[in-house]
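I'm opening a fresh notebook page for this one. My plan is to look up a few things one by one and jot down what turns up.

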Amino acid sequence: MVFDYIQKYPHRTKQILGISYEQLQSLLNCAINRYKEIKTKQESQKIRINASGGGRPEKLLIQEQVCLCLFYLRQMPTFQVLGMFFGISKTEANDTFHDWIPILRDILPSSLLEQLSNNESDLLFAQEVLTNFRLLVDSMEQPINRPSDDKEQQKYFSGKKRQHTLKNQVIGLPSAAIS
């Protein structure tokens with residue numbers, strides 16, 4: 001329903017998903033290509049007994065699945081409400097979101113500080129420049145499904161929340177100077 005609404009009223013995309021309609025189309029193209037690459041790689045590694053194409057078909061199109069993820073990240077509804085908006089169950093909404101997050105993380109650029117963390121001299125320069133400004137800093141954790149790999153579990157485990165989470169940190173500069 002949300003994706004159909006965006007298709008009908010593209011000028012409202014920024015309000016709903018946080019990106020413009022053109023940016024959404026570009027993201028969808030990249031996401032579909034990356035998804036096809038991953039599925040092709042998985043299919044080539046499978047040992048098949050039955051012919052491909054069997055099983056239950058997905059209820060949402062790829063575009064709707066990406067839209068579901070963006071909608072969740074922008075609006076932060078419960079998975080129950082998210083499922084109602086997209087006409088699926090809360091479990092399927094949860095699974096869809098957690099299936100697409102690694103793909104979106106792969107195709108979207110990381111933050112400037114994350115990019116600079118590999119080069120220590122650039123990171124030190126950025127930290128020095130940022131010390132001259134007042135910063136607004138906030139962090140949050142989003143629960144994820146427990147990874148099956150032990151190292152992945154250690155990477156995502158939050159002792160504070162006692163569950164596996166994605167850790168996010170948001171840093172912003174105030175737009176107005178304080179006198």
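**Entry 1: a histidine and its neighbours**

I started with His98, whose side chain makes a polar contact with the side chain of Asn94, at 2.5 Å. A note to self before going on: this is a predicted model.

Where does His98 sit? I found it in helix α6, which covers residues 90-107. Next I wanted to know whether His98 is buried or exposed. Its relative accessible area is 13%, so I put it down as buried, the limit for that label being under 20%.

Then I looked up what His98 touches. Leaving out residues up to four places away in sequence, I got Phe79, Pro143, Ile144 and Asn145. Phe79 is where helix α5 (79-86) begins.

**Entry 2: a glutamine in α4**

I moved on to Gln65, which has its place in helix α4, residues 62-75. Gln65 is buried, with a relative accessible area of 6%.

Which side chain does the side chain of Gln65 make a polar contact with? I found Trp100, at 2.5 Å. Trp100 also turns up in the contact list of Gln65, together with Glu58, Leu60 and Thr96; neighbours within four places in sequence are set aside there.

**Entry 3: salt bridges**

A reminder I wrote in the margin: side chains of opposite charge can pair when their charged atoms come close. How many salt bridges does a search of the whole structure find? I got two.

One of them joins Glu37 and Arg34, with the closest N and O atoms 3.1 Å apart. Both residues lie in helix α3 (residues 21-45), and they are three residues apart, about one turn of the helix. I checked how open they are: Glu37 has 47% relative accessibility and counts as partly exposed, and Arg34 is partly exposed as well, at 26%.

Arg34 also forms a salt bridge with Asp106, and here the closest N and O atoms are 2.5 Å apart. Arg34 is in helix α3 and Asp106 in helix α6, so this pair ties together parts that are 72 residues apart in sequence. Asp106 comes out at 46% relative accessibility, which makes it partly exposed.

Putting the two together, I noted that Arg34, Glu37 and Asp106 are linked in a network of salt bridges.

While I was on charges, I looked at the totals too. The protein has 22 positive and 19 negative side chains. The centres of these two sets lie 5 Å apart.

**Entry 4: a loop residue with positive phi**

I looked up Met76 for its backbone. Its phi is near 55 degrees, a positive value in a residue other than glycine. Met76 lies in the loop between α4 and α5. With 41% relative accessibility, Met76 counts as partly exposed.

**Entry 5: two distances**

I took two pairs and compared sequence with space. Asn33 is in helix α3, and its 45% relative accessibility puts it among the partly exposed residues. From Asn33 to Ile47 I read 14 residues in sequence and 24 Å in space, C-alpha to C-alpha.

The other pair begins with Ser20, in the loop between α2 (13-17) and α3. Ser20 is partly exposed, with 22% relative accessibility. How far apart are Ser20 and Asn132 in sequence and in space? They are 112 residues apart in sequence, and 32 Å apart from C-alpha to C-alpha. What Ser20 does touch is Thr13 and Lys14, again not counting residues up to four places away in sequence.

**Entry 6: the whole thing**

Last, I stepped back to the full protein. I counted nine helices and three strands, and from the N terminus on they run α-α-α-α-α-α-α-α-β-α-β-β.

The C-alpha atoms fill a box of roughly 65 × 45 × 30 Å, taken along the principal axes. The protein has 179 residues, of which 28% count as buried. Its accessible surface comes to about 13000 Å², and 52% of that belongs to carbon and sulfur atoms.

I also looked at contacts with a separation of 6 or more: residues 24 or more positions apart account for 56% of them.

How values were computed: Residues numbered from 1 in each chain as written. Predicted model: local features only at pLDDT ≥ 70, side-chain atom pairs only at ≥ 80, totals over all residues. Heavy atoms only, no water. Salt bridge = Lys/Arg side-chain N within 4 Å of Asp/Glu carboxyl O. Helix = DSSP H or I, 4+ residues; strand = E, 2+ residues; numbered from the N terminus. Buried < 20%, exposed > 50% of the residue type's maximum accessible area, 1.4 Å probe, protein only. Polar contact = N/O pair within 3.5 Å; in protein donor to acceptor, adjacent residues only side chain to side chain. Contact = heavy atoms within 4.5 Å. Areas by Shrake-Rupley, 256 points an atom, 1.4 Å probe, with all protein chains shown as cover. Lys, Arg positive; Asp, Glu negative; His and termini not counted. Charge placed at Lys NZ, Arg CZ, Asp CG, Glu CD.
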